[in-house]
Amino acid sequence: MDPKGTIIFSTVGRLHYGFDIFSVDLTNPTVETRLTDSVSINYNAQFAQDDEDTVVFVSERTGSPQIFLSRPEEPPQPLPSAPGSLFHDRPILRDDQLLFISAHEEPDEPFKNWSALYSTKIVGRDDGEETKKITRLTPPEVADFSPAVSKSGELIAVASYGSGRWGGEFHELNTQIVIFKASEPETTRTVVTDRGGWPTWSRDETLYFHRVSDDGWWSIYRVDIMAEDDHNILSSSPPIRVTPPGLHAFTPAAFHDGRRIAVATRRKSKDHRHVEIFDLESRQFTPVTEPLDPDLHHYNPFVSTNSTRLGYHRFRGESPTARISPLNPVQSPVQGLDLLRIHGSFPSVSPDGSLIAFNSDSITSGGLFLMKSDGSKQWTLISGRTAFHTSWSKSHDDVIYTSLGPIFSDVNSSVQIARVQFDPNTLETSTGDLEVKVTVLTREGTGNNAFPSASPDGNHVVFRSGRTGHKNLFIMDSNHGEFDQGHIRQLTDGPWIDTMPCWSPAGDLIAFSSNRGEPDERLYSVYVVRPDGTGLRRVHVGGGEGERVNHVGFGMGGEWVVFAGNLGGVTSEPVSGPNQFQPYGDLWVAKVEGKEVRRVTWGPYENGTPTWWDGDGRIGEIGRLGLEEGVGVGEVLKGGFDDPLWIKCEF
């Protein structure tokens with residue numbers, strides 16, 4: 001039976017982005033023009049060829065990154081895309097040819113990147129099979145990112161990962177700059193530099209790209225294309241550094257006049273990413289976006305073919321009517337399996353499916369909250385202290401278990417398991433804070449106790465504890481914990497980390513993440529064990545070494561598991577967007593035996609903390625109506641996100 005139900009999960013920062021596409025006329029760069037309609041998030045645009053008023057861009061308004069075309073005074077129109085694809089990126093429109101990145105074809109083994117370059121015709125033909133044909137330009141089993149087309153349209157450049165497995169890096173991807181003829185993509189691929197990303201053409205003879213220099217600064221480099229024979233394209237010399245040290249410069253967009261490049265920059269004295277123009281002759285920078293919006297991040301500049309307009313995307317600005325939907329629908333690849341992104345983290349669903357418990361999406365502010373499962377009303381159970389992870393009692397609709405204390409802390413930090421009880425009869429008449437009874441179930445001095453999961457009979461809780469000097473699993477009484485008539489016993493033991501346990505609906509298994517296979521590495525795999533400690537085994541979902549799998553949960557009566565993992569590598573260059581701690585964290589489902597592993601999310605984000613509801617009815621009807629920013633529903637959208645925290649300006 002195919003997996004069914006609803007998976008509710010969190011995504012780092014995504015619901016705060018509020019991106020729209022903007023542009024400025026370089027003859028009067030003090031005036032900004034918005035090119036998209038403030039629906040969902042809109043990003044990674046390019047001007048249509050010879051039309052500075054029309055842009056092709058990526059939008060998530062349909063629940064996944066899809067390609068749209070925007071013209072003045074017209075609603076955005078969807079463009080042809082890869083059938084079944086739930087991830088598109090970096091579209092380019094030239095004449096009637098649309099090029100784009102998609103990640104819908106699964107590689108031949110885990111830990112390979114899925115992204116590849118495709119093309120299709122969009123106008124000028126009858127509505128026949130030739131019009132609908134999607135052509136893969138990337139060779140089989142090769143991954144390509146960040147395409148660029150030369151001025152003549154005859155050459156294409158990509159940041160290519162080749163055919164190897166992803167190495168786990170994401171600050172700077174190990175990509176090569178590869179160019180090929182648009183008319184012969186299979187036979188003319190040529191590596192012009194072994195290290196670089198985000199290529200952009202000035203003319204057919206000159207290519208720019210970014211990479212991290214030996215001194216630590218992201219910088220723009222140039223390579224000149226010398227000549228071509230019948231089959232190959234040759235570069236003239238090793239790459240030449242263009243931008244100076246002392247600032248980060250990335251995601252370049254070259255002007256076709258050959259004299260300037262637009263870049264996004266991060267400077268020592270600035271807290272935000274801004275777009276600037278670098279003059280290649282005078283070697284001077286001219287700020288573009290900082291004079292307009294100094295306190296907003298600006299991403300991924302693009303330039304019109306006549307070099308008169310410069311575009312980028314940024315947070316669209318605060319509005320009292322623009323709000324974050326509590327539950328945001330995400331397109332699913334599996335019919336009958338719904339996906340909902342929650343504005344929060346660590347969700348769990350009440351036994352009857354009417355309520356969702358969750359924590360804040362901020363790892364520092366914490367708190368424990370409650371919402372109706374349609375997202376229409378919310379309450380606060382705990383505020384003013386850090387709480388993380390939730391597990392609803394399977395036998396009591398008024399009891400939730402959580403962890404109190406810092407989330408990312410060592411084995412000896414004081415973190416306690418708490419039982420939180422409220423009165424469901426007060427929900428309809430109450431707003432804001434609810435009166436709750438908080439019972440701490442673990443003793444002070446027992447170290448880091450976290451990630452509780454209740455047994456289906458409601459009598460026990462399994463959790464992770466650092467009380468032995470290592471983070472292993474324990475089981476205790478769900479009402480009294482290790483106090484009074486309560487009891488506690490150790491379930492797993494060893495010099496490694498066993499964490500994030502989840503009790504199966506039938507009560508016969510406990511799934512968890514562990515690095516016991518590689519205790520000295522940050523690699524985690526899925527394990528299951530019986531509640532009596534027998535039958536411990538690894539669930540092989542990645543087919544070998546390199547797994548980094550967390551947030552395991554059961555679904556389908558315990559026959560399936562959902563987890564966040566790195567099996568699909570990355571889908572785009574992480575330096576081109578806001579901060580993601582693990583931009584390879586997509587959600588996957590698999591049979592509990594490790595069979596039928598399926599990817600269910602795609603994107604440049606860290607998706608995690610899933611819970612799987614497979615009861616009667618559907619969760620999140622308000623979210624399913626598409627209220628990305630619903631009036632009167634949810635928190636006001638304020639653009640509260642960070643640029644990548646790993647980009648440092650001090651060495």
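**Exercise 1.** In this predicted model, decide whether Arg 259 is buried, partly exposed or exposed, and find its salt-bridge partner.

*Solution.*
Step 1. The relative accessible area of Arg 259 is 36%.
Step 2. Buried requires under 20% and exposed over 50%, so Arg 259 is partly exposed.
Step 3. The side chain of Arg 259 meets that of Asp 257 in a salt bridge, with an N to O distance of 3.5 Å.

**Exercise 2.** Describe the salt bridge of Arg 467: which residue is the partner, and where do the two residues lie?

*Solution.*
Step 1. The partner is Glu 482, and the closest N and O atoms are 3.0 Å apart.
Step 2. Arg 467 sits in the loop between β39 (460-465) and β40 (472-477), while Glu 482 sits in the loop between β40 and β41 (488-490). The two residues are 15 residues apart.
Step 3. Arg 467 has a relative accessible area of 25% and is partly exposed. Glu 482, at 12%, counts as buried.

**Exercise 3.** Place the salt bridge between Asp 2 and Arg 598 in the chain, and name the network it belongs to.

*Solution.*
Step 1. The side chains of Asp 2 and Arg 598 meet at 2.9 Å, N to O.
Step 2. This pair links distant parts of the chain, 596 residues apart: Asp 2 is in the segment before β1 (5-11), and Arg 598 is in strand β49 (residues 598-599).
Step 3. Asp 2 is partly exposed at 38% relative accessible area. Arg 598 is also partly exposed, at 23%.
Step 4. Through salt bridges that share partners, Asp 2, Lys 591, Glu 596 and Arg 598 form one network.
Step 5. The structure holds 29 salt bridges.

**Exercise 4.** Work out the surroundings of Ala 450: is this residue buried or exposed, and which residues does it contact?

*Solution.*
Step 1. Ala 450 lies in strand β38, which covers residues 449-454.
Step 2. The relative accessibility of Ala 450 is 0%, so the residue counts as buried.
Step 3. Apart from neighbours within four places in sequence, Ala 450 contacts Phe 388, Ser 403, Val 415, Ile 417, Phe 463 and Arg 464.
Step 4. The C-alpha atom of Ala 450 is separated by 50 Å from that of Val 24, a residue 426 residues apart along the chain.

**Exercise 5.** Identify the patch of negative charge that contains Glu 521, and locate this residue.

*Solution.*
Step 1. The patch on the surface gathers Glu 518, Asp 520, Glu 521 and Glu 545.
Step 2. Glu 521 belongs to the loop between β43 (510-514) and β44 (525-529).
Step 3. A patch residue needs over 30% relative accessible area; Glu 521 has 43% and is partly exposed.

Conventions:
Residues numbered from 1 in each chain as written. Predicted model: local features only at pLDDT ≥ 70, side-chain atom pairs only at ≥ 80, totals over all residues. Heavy atoms only, no water. Patch = residues over 30% accessible without salt bridge, like charges linked within 9 Å, V, L, I, M, F, W, Y side chains within 5 Å. Areas by Shrake-Rupley, 256 points an atom, 1.4 Å probe, with all protein chains shown as cover. Salt bridge = Lys/Arg side-chain N within 4 Å of Asp/Glu carboxyl O. Lys, Arg positive; Asp, Glu negative; His and termini not counted. Charge placed at Lys NZ, Arg CZ, Asp CG, Glu CD. Helix = DSSP H or I, 4+ residues; strand = E, 2+ residues; numbered from the N terminus. Buried < 20%, exposed > 50% of the residue type's maximum accessible area, 1.4 Å probe, protein only. Contact = heavy atoms within 4.5 Å.
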